[in-house]
Amino acid sequence: MMQSAHSVMKKIEQYAQARQMNLEKVKLACKWAVRLHDGQKRKSGDPFVIHPLMVAYYASRLNADEDSIIASILHDTVEDTSVTLKEIEETFGKEIAMLIDGLTKLSKEKFQNEKTLDSRIETIRKWFLALQKDVRIAVIRLVDRLHNMETLFAHEKPEKRKRISKQTMDVYAKIAEKLCIHDLSNDLGSLAVQYYDPECFENIRKLCNGYNQDAQKILKELKSELHDRDQQKKIDHIEYESPSVLAMHELHVCEAPEISINMPLSFSIITKTKEDCYGLLYLIHSMYRPAPNKVKDYITNPAANGYHGLHTEVILKDGRHMKLKIRTHEMQDYYRYGITLSCFSKNKEKMMEFDWLKSIEHVTKESTSEAFFDQLSHDILSSSIVVHTDQNRDLILPANSTGLDAAFYGFGSKALRLKKIKINGVVMPIFRHLHHNDTIYFECAREFQLKYEWLEYVDTALGASFVRSGLQKINEEKRIDQGKKILMDVLKHHGKGFIEEIRQKELQIFFDKCHIANINDMYKMIASGNLDPEQIVAMIDHSDQKNGMEKSREMVLKIDLAMESEEPKIFEILKILNIKIKKYQFLITKNKKRVQALVLLKEKQQKMLEHYLKKQIQTNSIQLVFKYEKYSIALMVVCILIFWGLEPVLASYIYSKTSIQPLELIFIRFWVILIPMLPWMIFNFFNRKNTLVPIGNPYLILSSFFLIGMLFFRYKGLQITTPSSYSVLHRDHVLISSLFTIPIAAFFKRKNITMILVAIIIFSNALILGLIPNWSLQGKFFSILATIFFSFFTLQSNMFLRKYEVKSRYYQFITIIYFYCALIITIFAPMPFDRIFFLMKSQALPIIFLSVSVFVPYILWHHLILKYEEQNYTRISFALTWIATVVAEYFLLGNSINPIIILAGTGMSVAIYLMTRIQKEEVSANKREIMGNED
């Protein structure tokens, strides 16, 4: 085998002599390598020195310069022998020592006490940091990995081969692609797939063999037809481009090889000049029918990795598609060898021409190995887009970058003053995702516009780094206030109560775990974006921490995509989050396609999935619902309709059967519900999962008084009128509440339609109050008072709900309201026990149903509003409860259906539905306007 090493050295020396390098210096490097690696063996049994010599030989095939050749020969000496960087610097020079240092792995001993650091990932981090100084380090490392992959068969452990291959696919092949060294990228990718997934590699190899046979026939015909028509002799060469093994692997060919049978064959056509490229494109389109929207001009708009060329796709006579890539000789060389054409030349000014190299510094700042690799995969190794600025400057960004990300890439810290953006001439929110070839305009203010929410608006490590550094510059006192406000909002959103209610013991454990000195430091870390407040919620929520015993639920995921969107990205996200897919289907419509999948999800996975989808998928239509959700929703809506519709009918029925008075009915109603709930209240107080609502709050006491008043006047009114008449009129509380809650701007924006709806409600009231026979003035007065009291109860209780963000503690809220009501009615209108016993004995079932008919619908109503507030059925169910009242009255009381009630109820229901919908749209529009900074 030493003869083989000798032959490789001869090739290296011949290359050095041909390039007029310092031959003696190169020979000396070879002697050092042979001496220092003497006695060392590789896994294959070959002398170790063959590896560095082969790396130097591969580098020579890329026209490497003298320093790179010597660094390649000696790149393993510092790591595997006793020689030091200082000795290499003294003998071979400072620049070679710098290159070798960038290629040397970090020792594992450095990470034994650092659990958040992984030696393999940290070596990649060091390599990327070295790239900022000299991109030649990347090229040498890539050819080093190429030879390692060629000898990977020598590793006995299959899991190690698989791990190295995965890293090669995820990092090295993609970096080669980023540097536009396609030949090297294809070789690395092909070897990696071969070891990572042998069965898939064999499928791809068979497919490629089939493609090659077809391609040779088409190539012969293509050459003949083009040369016959190419009278000006623009074409120098035509060749078939075999598809990339790695690209085919990523397209799930291994899982569904039949998908790739009809992949378009690809050919490259080499011309003399740029003008010839465009002339040839016209000629090709005159010969073949071009496929729609498939022409890509990378000459005028180069790709993110600096690639130039003209691409088109045409349709052959048999219906098959064919891709044609038209390039000059210079473009073809750059396609194959990329940045090596400039980084190994004497003029190295172009070494830092890739924008992604400039963002490495921000990616490498991530504290943990995992965080660094996540950002590396997203910011550097993912696909890129090019956007154009109004200053005739092109920005190369990671795919899915937002307008705010582009501002940071273009202006750095100045983007902290960003006020608004225009994308393709239209004002857009700063969090809008960008597409390739978008034109973006930035408008900045004089003062900082920075907000904490910007951390959600950036999708790159570079953007997040600038936002965090900007947040840290805010005054310390303001940061504490801001951090406290952010945490309060998150706690309220999750229904976890207040910061002061967090148990100090739990908080101290959290501080010790996260190395936080005190609560003010925690607030500052939150405000600076260095601590996610969701971590504190997870610490409080014990139910999510029960030994991972949380069960998965079957849920249906529906996503509407634009026709050009790529659905594999969705499955990549599901794979990342370890989500099991039970079945899926694609539904294609005229303008879009839908991905519908049945998945098994835990609650945490559900939240993460929603977050990932909103960030990664370009669509506004994402639905994630429980498999049988529509049936449970329908059941809840039916229960609400029946119970709320039955309440006035049951009250009238009880009046007709007993001598009960309104205050007595109120007394019994509250205690019937409260007595079975008292044990639950006591248990919840001592074993609560969530903090209790503030039970001594005056809003609660006022709400209780208004609720009692509303019930008193309601039952007084029902003693005189029919339930259906009262039920329609009672919807007035929606109008009264709306006058207080609809924003003034919304009222004027929709002035005409709002006034029409108000007129319909007033007209409906007039019909009820004026035309219903046998309804005394006193009865009408009581009904109106009940409506007013209900409006005040709604407003007062909503103020409490908004202020304290009760949400998951809503059941506590309802229970406490009932407790206060029962206490108030007992104090002011006590009822003898014998009277209670008599009434319950004679009409127990109707009274129990009457009590349940209010309590249960409120619980169901809250659940619908909280979880499905965007859906129409929450408004429909409330607007149409009068139907249940009319039907129940007809069957239970035997009253006839009055057409006036039907007319008035229909008009009022439609008007209420439209008013609440307008209100919802206006609130959403205001939120979008605020978030988009469009003013």
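A residue counts as buried when its relative accessible area is under 20%. That cut-off helps in reading this predicted model.

**The whole chain**

The chain has 935 residues, and 50% of them count as buried. It holds 41 helices and 15 strands. Its accessible surface comes to about 46,600 Å². Carbon and sulfur atoms account for 56% of that surface. Take the contacts between residues at least 6 apart in sequence: 74% of these join residues at least 24 apart.

**Confidence**

The mean pLDDT of the chain is 76. A value of 70 or more is reached by 73% of the residues. Two stretches have a pLDDT below 50: residues 253-261 and residues 927-935. Beyond near neighbours in sequence, residues 253-261 have 14 contacts in the model. Residues 927-935 have 13 contacts, counted beyond near neighbours in sequence. Where pLDDT is low, the predicted coordinates should not be read in detail.

**Two buried residues**

Is Thr-328 buried or exposed? Its relative accessible area is 5%, which is under 20%, so Thr-328 is buried. Thr-328 lies in strand S6, which covers residues 321-328. Leave out residues up to four places away in sequence, and Thr-328 touches Ile-270, Thr-271, Lys-272, Thr-273, Lys-274 and Cys-277.

Now take His-37. This residue sits in the loop between H2 and helix H3 (50-60). Its relative accessible area is 2%, under the 20% cut-off, so His-37 is buried as well. Setting aside neighbours within four places in sequence, His-37 is in contact with Phe-48, Val-49, Pro-52, Asp-76, Thr-77 and Thr-81.

| Residue | Place | Relative accessible area |
|---|---|---|
| Thr-328 | strand S6 (residues 321-328) | 5% |
| His-37 | loop between H2 and helix H3 (50-60) | 2% |

**Helices H2 and H4**

How do H2 and H4 lie relative to each other? Helix H2 spans residues 23-36, and helix H4 spans residues 66-73. They pack at an angle of about 10°, with their axes 9 Å apart. Angles under 35 degrees count as roughly parallel, so H2 and H4 are roughly parallel to each other.

Which residues of H2 and H4 meet? On the H2 side they are Lys-25, Val-26, Ala-29, Cys-30 and Ala-33. On the H4 side they are Glu-66, Ile-69, Ile-70 and Ile-73. By class, this contact has seven nonpolar residues, two charged residues and no polar ones.

Definitions and conventions: Residues are numbered from 1 along each chain as its sequence is written. This is a predicted model: local features need pLDDT of at least 70, side-chain atom pairs count only at pLDDT 80 or more; totals for chains, interfaces and linings use all residues. Side-chain values use heavy atoms; hydrogens and water are left out. Helices (H or I, at least four residues) and strands (E, at least two) are DSSP runs, numbered from the N terminus. Buried means under 20% relative accessible area, exposed over 50%, partly exposed in between (1.4 Å probe, protein chains only). Contact means heavy atoms within 4.5 Å. Axes are lines fitted to C-alpha atoms, for helices over the stretch in contact, and angles run from 0 to 180 degrees between N-to-C directions. Angles under 35 degrees count as roughly parallel, over 145 as roughly antiparallel, 65 to 115 as roughly perpendicular and the rest as oblique. Ala, Val, Leu, Ile, Met, Phe, Trp, Tyr, Cys and Pro count as nonpolar, Asp, Glu, Lys and Arg as charged, and the others, Gly among them, as polar. pLDDT is the predictor's confidence in each residue, from 0 to 100. Accessible areas come from the Shrake-Rupley method with a 1.4 Å probe; for residues, only the protein chains shown count as cover.
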